[in-house]
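Here's a quick briefing on the enclosed empty space inside this protein. Take a look at the model first, then read on.

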Amino acid sequence: APMSALGAQQGYPGDSRTLPPALARANEAAVGPVGASMRNVHYHADSNVILAIRTLEGHLLPARPAAPPWFEDPGSFTIAIDTAAVGVTPASLGALLNEHVFNYPDAPIGDLTLSIENGELKQHGKLRAMLGIPFTIRSVLSVLPDSRLRLHPTSVKVVGLSVGGLMHLFSVELDDLIRVGRGKGISIDGNDFLLSPTVVLPPPKIDGKVVAVRIEPTEVVLVFGRKGQAPAPPFGPPDAAHNNYMAFRGGVLRFGKMIMMDADLQIVDADARDPFDFYLAQFNRQLDAGATRNQ
């Protein structure tokens with residue numbers, strides 16, 4: 001800002017000029033929702049779990065009063081999704097289950113590997129509660145009204161033998177056999193797994209309504225939306241020449257030692273030939289290796 005404008009804003013004598021409109025808006029920005037728009041982003045929830053964000057419109061919501069979202073603190077904000085299409089590969093889904101959902105003492109199952117075959121999700125793992133007996137479950141996916149995913153088995157095999165359901169082998173229901181840790185985002189209903197996709201991920205917290213799921217040849221795709229409500233209109237990025245980006249607008253946003261008032265930030269891919277790999281935990285390293293430009 002020109003020194004004269006800065007002096008006038010701080011009440012120094014000798015300059016009665018007002019701030020330029022853009023600076024005036026920035027000065028009045030309040031901590032609150034920050035608009036978020038993303039395209040073609042491979043978002044690293046951790047080193048092994050990657051969410052392929054094809055499109056996303058929503059907001060960053062501060063988790064604490066008067067404290068803006070801060071990239072260095074994933075617990076400082078929630079990603080509230082209005083609409084989105086997000087793909088998850090079987091490898092990422094397997095890592096999520098192994099490293100986050102069932103990563104606790106005495107977890108009943110483990111060593112999970114997942115694959116997609118003929119439109120079904122194939123899960124192979126070991127029953128730790130049964131001396132490491134290997135099992136394979138093929139499931140179809142659907143979405144419940146509360147946004148949880150239902151994984152309904154179409155076949156169950158234990159040590160390679162089809163048993164028509166684990167309860168036929170052990171004479172118990174699957175929810176009796178597998179005691180899932182509380183707060184892990186997964187539960188059992190009869191012989192079905194119920195998975196809360198917005199709960200099982202590491203911070204930042206995700207808040208959104210899953211309205212559809214489909215299995216593609218290489219990914220499970222979650223569709224977020226707001227049934228019965230008009231979605232928030234998307235905003236265009238400052239630089240439309242980039243197809244792979246994360247853009248943020250409005251409110252207050254903190255990253256590194258910078259605090260952006262009336263935010264207008266676009267983070268783009270240095271190589272547009274493939275999706276933009278973004279790792280929040282390594283944000284500063286990515287920033288150091290890249291470049292910044294004030295517009």
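Searching the whole structure, a predicted model, turns up two cavities of 30 Å³ or more. The largest has a volume of about 450 Å³, and the second largest holds about 120 Å³ of space. Here's what surrounds each of them.

**The largest cavity**

- Its lining is made up of 34 residues, and the ones nearest the centre are Tyr43, Leu51, Val86, Leu201 and Ile206.
- Six elements each chip in at least two lining residues: strands S1 (34-44), S2 (50-62), S3 (77-88), S13 (220-224) and S14 (245-249), plus helix H3 (90-101).
- S3 is the top contributor to this lining, giving five residues.
- As for chemistry, 32 of the lining residues are nonpolar and two are polar, with no charged ones.

**The second largest cavity**

- With about 120 Å³ of space, this cavity is lined by 13 residues, and Leu97, Gln123, Leu151, Ile186 and Leu195 sit closest to its centre.
- Two or more lining residues come from each of H3, strand S4 (109-117), strand S5 (120-127), strand S7 (149-158) and strand S10 (192-195).
- The lining here splits into twelve nonpolar residues and one polar, again with no charged ones.

**Across both cavities**

- Helix H3 supplies at least two residues to the lining of the largest cavity, and H3 also gives two or more to the lining of the second largest.
- No charged residue lines the largest cavity, and none lines the second largest.

Terms used
Residues are numbered from 1 along each chain as its sequence is written. This is a predicted model: local features need pLDDT of at least 70, side-chain atom pairs count only at pLDDT 80 or more; totals for chains, interfaces and linings use all residues. Side-chain values use heavy atoms; hydrogens and water are left out. On a 1 Å grid over the protein atoms alone, a cavity is a set of points where a 1.4 Å probe fits but cannot get out, and a pocket is an open set with protein on both sides within 12 Å along at least five of seven lines; lining residues have an atom within 4 Å of a point. Grid points are joined across faces, edges and corners, and a volume is the space filled by probe spheres set on the points. Helices (H or I, at least four residues) and strands (E, at least two) are DSSP runs, numbered from the N terminus. Ala, Val, Leu, Ile, Met, Phe, Trp, Tyr, Cys and Pro count as nonpolar, Asp, Glu, Lys and Arg as charged, and the others, Gly among them, as polar.
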